[in-house]
Amino acid sequence: MDMNILNKKEPLHEDLIPYLQNTSIGLCLKHPLVFNLFHTDQMNAFCNEQYKQKKETIKNYLKEKEFSSFIWLHERPFRMSKFLEISDLIKDQKQYWSLFSSIWIDCENIYQYKNLIKKIFKDKNIKLMMTKEDEKLYKDLPDEVKIFRGHQKYNKMGYSWSLSHFKAKWFSERFYTEELPIVTEGIVTEGIVTEGIINKKDILAVLKSRGEFEILCDPMKIKKERFKKAKRENWIQSIFEQARKEFALKEKSYHGIWHWEKVERNALEIANHTELCDHIVVQLFGILHDSKRKDENEDLNHGLRAANFAKSLYEEGKLLITKKQLQKLETACEFHEKGEISKDPTIGACWDADRLELTRVGITPNPKFFSTKAGLDLMWKV
Ligand SMILES: [Fe+2]
Ligand SMILES: [Fe+2]
């Protein structure tokens with residue numbers, strides 16, 4: 001494009017005029033083919049030229065049946081509607097579903113098309129949305145699967161869920177931060193996580209891309225309940241509060257409070273199914289094991305620092321456990337970062353509980369690295 005065009009003065013193309021919007025940041029052009037924030041008359045010629053070129057290109061793409069290129073040349077908020085417009089032209093089922101899948105994953109305004117999408121989801125070929133890797137994960141799922149959905153006060157129903165509690169929690173709070181909370185009716189709103197159980201046969205598709213471990217399913221087929229944190233005795237709650245206060249990273253970090261709470265809950269569930277497993281030690285592990293992290297990377301020896309923290313709490317008389325229990329807790333904390341397995345049921349339960357949460361960083365837990373049978377059996381069920 002000739003850059004002198006920026007000096008050219010001309011009126012905006014008549015096709016673009018209806019797409020000019022006054023927004024909180026100023027005048028914006030939001031046409032399906034041309035987006036321009038902070039639009040001024042100075043930009044008219046440039047936008048007109050872009051529009052003319054893109055219009056010509058999409059015409060050719062459609063003629064050549066290059067459907068994917070056709071869609072991606074459109075601006076993001078319009079891609080799903082363009083797909084729905086041309087979907088009857090795509091005869092190859094594999095092409096149809098893989099294109100739909102990539103638009104679905106990229107789309108931020110799905111709710112606008114919910115009725116049309118409901119229809120698409122009834123199609124018997126929907127599993128073609130999955131890649132080979134997605135199919136493998138789907139194959140490995142048990143008959144009943146625990147799934148999570150993050151939302152604000154409303155919007156609890158929907159087709160999009162996740163195998164990862166952390167991802168759902170993140171999704172529920174993505175629009176606000178600790179510095180800028182959302183206040184509803186005078187109360188700071190926490191994002192809500194609804195959890196549910198779905199039969200594997202009712203899962204429409206599993207999408208691992210972007211590390212979201214997304215599960216598509218009809219919300220009417222889910223047994224739902226609100227996410228419940230583990231119950232704590234008062235002294236354990238005080239330990240949690242102290243660890244939280246001293247935590248050096250953000251609460252929402254990958255190793256922050258959401259992670260501790262889920263590891264704690266996993267560990268207690270594993271303990272319920274494991275003989276000779278110490279419930280109090282595994283619960284304290286959930287709360288303490290990552291509490292002395294200094295960064296989100298490897299952070300060598302954060303386990304040892306957690307073990308030392310546990311020891312100091314014990315010496316201050318705050319941990320109501322025996323010396324033997326302390327030793328187990330210290331070992332579990334110190335070595336949890338080393339990627340080992342343990343024959344000890346308590347230490348094994350701790351490490352498995354942590355391992356089950358690898359989905360939050362996009363990793364599918366590897367069955368080879370589980371220490372307890374219950375930990376492995378509970379994969380995708382807690
Ligand atoms: Fe850790
Ligand atoms: Fe952890």
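Select glutamate 195, which sits in strand β8 (residues 192-199); strands here are DSSP runs of E with at least two residues, helices are runs of H or I with at least four, and both are numbered from the N terminus. The model is predicted, with local features requiring pLDDT of at least 70 and side-chain atom pairs pLDDT 80 or more, while totals for chains, interfaces and linings use all residues. Residues are numbered from 1 along each chain as its sequence is written, and chains are lettered from A and ligands numbered from 1 in the order in which they are written.

Glutamate 195 is partly exposed, because 19 other C-beta atoms lie within 10 Å. The cut-offs are 20 or more other C-beta atoms within 10 Å for buried, 12 or fewer for exposed, and anything in between for partly exposed, with C-beta atoms placed from the backbone. Now show the contacts of glutamate 195: leaving aside neighbours within four places in sequence, they are Lys146, Ile147, Phe148, Glu225 and Phe227. A contact means that the C-beta atoms of two residues, placed from the backbone, lie within 7 Å. For a longer span, draw a distance from glutamate 195 to leucine 268: the two are 73 residues apart along the chain, and their C-alpha atoms are separated by 18 Å.

Zoom out to the whole chain. The protein chain has 14 helices and 11 strands, and its C-alpha trace spans about 80 × 45 × 40 Å along the principal axes. Of its 382 residues, 35% are buried. Among contacts with a separation of 6 or more, 61% are between residues 24 or more positions apart.

Colour by domain next. The assignment gives domain 1 (3-120), domain 2 (130-226) and domain 3 (234-377); such bounds come from an automatic or database domain assignment. Between the C-alpha centres of domain 1 and domain 3 the distance is 48 Å.

Select helix α3 (residues 79-86) and helix α4 (residues 93-106). Their axes come within 10 Å and cross at roughly 155°. Axes are lines fitted to C-alpha atoms, for helices over the stretch in contact, and angles run from 0 to 180 degrees between N-to-C directions. This crossing therefore leaves α3 roughly antiparallel to α4; angles over 145 degrees count as roughly antiparallel, under 35 as roughly parallel, 65 to 115 as roughly perpendicular, and the rest as oblique. The crossing of α3 and α4 is left-handed, a term for a near helix turned anticlockwise from the far one by less than a right angle, with clockwise giving right-handed. At the interface, Arg79, Met80 and Phe83 of α3 meet Leu99, Phe100, Ile103 and Asp106 of α4.

The loop between these two helices, α3 and α4, holds leucine 89. Leucine 89 has 11 other C-beta atoms within 10 Å and is therefore exposed. Measure in the viewer from leucine 89 to leucine 62: the C-alpha to C-alpha distance is 9.3 Å, across 27 residues of sequence.

Go to the loop between β9 (203-207) and β10 (214-217), where arginine 210 is found. Phenylalanine 213 is in the loop between β9 and β10 as well. Arginine 210 has a positive phi of about 60°, and phenylalanine 213 has a positive phi near 45°. Most residues other than glycine have a negative phi. Arginine 210 is exposed, with 11 other C-beta atoms within 10 Å, whereas phenylalanine 213 counts as buried because of its 26 C-beta neighbours inside 10 Å.

Select helix α10 (residues 279-288) with helix α12 (residues 323-335). Here the axes come within 10 Å and cross at roughly 40°, so α10 and α12 are oblique to each other. The crossing is right-handed. Ile280, Val281, Leu284, Phe285 and Leu288 in α10 meet Gln325, Lys328, Leu329, Ala332 and Cys333 in α12.

Finish with the largest nonpolar core, which has 71 residues; those with the most contacts inside it are Ala267, Val282, Leu284, Phe285, Leu288, Ala310 and Cys350. A nonpolar core is a set of buried Ala, Val, Leu, Ile, Met, Phe, Trp, Tyr and Cys residues joined through C-beta atoms within 7 Å. Helix α9 (residues 257-272) gives the most to this core, 8 residues. Another core, of 5 residues, lies apart from it and includes Leu29, Leu33, Val34 and Cys47.
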